[in-house]
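Here are a few exercises to work through with the model open beside you. Try each one yourself before reading the solution.

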Amino acid sequence: MSDFVSLAKSKMDKTIEALKKDFIQIRTGRANPAMVEDIKVEYYGTMTPLMQLGSITTPEPRMIVINPYDKSSIKNIEKAILSSGLGLTPTNDGSVIRIILPELTGERRKELSKIVKAKAEEKKVAIRNIRRDINDEIKKANADASQDLIKGLQDQIQKITDSYIAKIVELTEEKEKEIQTV
């Protein structure tokens, strides 16, 4: 029976990790290589993550430098960054790409807060869907078991769900605070 609990925790842990990754990509005025490393770049006909095409460093708090392994890919990297929707403007000197993160305006902070809330809500829905799926599996696997057993397992899954939703709320509040204070 604890298989259901461990399965739920495993799936919900992955959802929390995905949220953390989403939040890293939302810029807060401090440069972080994770903001751009998953941007897909067309490289010889294949969509390739930026982190596989060059080294990404942050030599200054508000600067990201991308040093492509293959200098011929520099235009495609620049194009992918511009079309990524992250609001970043790369400059290309022929050998490296620099991205300077501008100061956040009040309006941009509000936009980022909305994005953070939307990502958080998306993950809460994912957690609730996991709960629903696990509860369905509990009912199928224990069709001939007592209702008390099924209800007990479902209560346990609900407590786990509540704790993961609380974790999402906590992460969201931390990110919003970070956005407002940077």
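**Exercise 1.** In the protein chain, where is confidence lowest and where is it highest?

*Solution.* Start with the whole chain: this is a predicted model, and its protein chain has an average pLDDT of 88. Next, look at the spread: 97% of the residues score at least 70. Then go element by element: H1 has the lowest confidence, with a mean of 89, while strand E4 (residues 63-68) has the highest, at 93.

**Exercise 2.** Find the largest nonpolar core and work out which elements build it.

*Solution.* First, collect the members: this core holds 25 residues, and Met12, Phe23, Ile134 and Ile138 touch the most other members. Second, assign them to elements: helix H1 (2-25), helix H3 (106-141) and helix H4 (147-181) each give two or more residues. H4 supplies the largest share, nine residues. Third, zoom in on Ile138: leaving out residues up to four places away in sequence, Ile138 touches Phe4, Ile150, Leu153, Gln154 and Ile157. Finally, look beyond this core: another one, of 18 residues, lies apart from it and includes Val36, Leu88, Ile97 and Ile99.

**Exercise 3.** Describe the second largest pocket and its lining.

*Solution.* Begin with the space, which is about 160 Å³. Now list the walls: 11 residues line this pocket, and Gln25, Ile26, Gly85, Leu86 and Ile115 lie nearest its centre. Trace them back to elements: H1 and H3 are the ones that give two or more residues to the lining, with H3 giving the most, four residues. Last, sort the lining by character: five residues are nonpolar, two polar and four charged.

Notes: Residues numbered from 1 in each chain as written. Predicted model: local features only at pLDDT ≥ 70, side-chain atom pairs only at ≥ 80, totals over all residues. Heavy atoms only, no water. Core = buried A, V, L, I, M, F, W, Y, C linked by side-chain atoms within 4.5 Å. Buried < 20%, exposed > 50% of the residue type's maximum accessible area, 1.4 Å probe, protein only. Contact = heavy atoms within 4.5 Å. pLDDT = per-residue confidence, 0-100. 1 Å grid on protein atoms, 1.4 Å probe; cavity = no way out; pocket = protein on both sides within 12 Å on 5 of 7 lines; lining within 4 Å. Points joined across faces, edges and corners; volume = space filled by probe spheres on them. Nonpolar A, V, L, I, M, F, W, Y, C, P; charged D, E, K, R; others polar.
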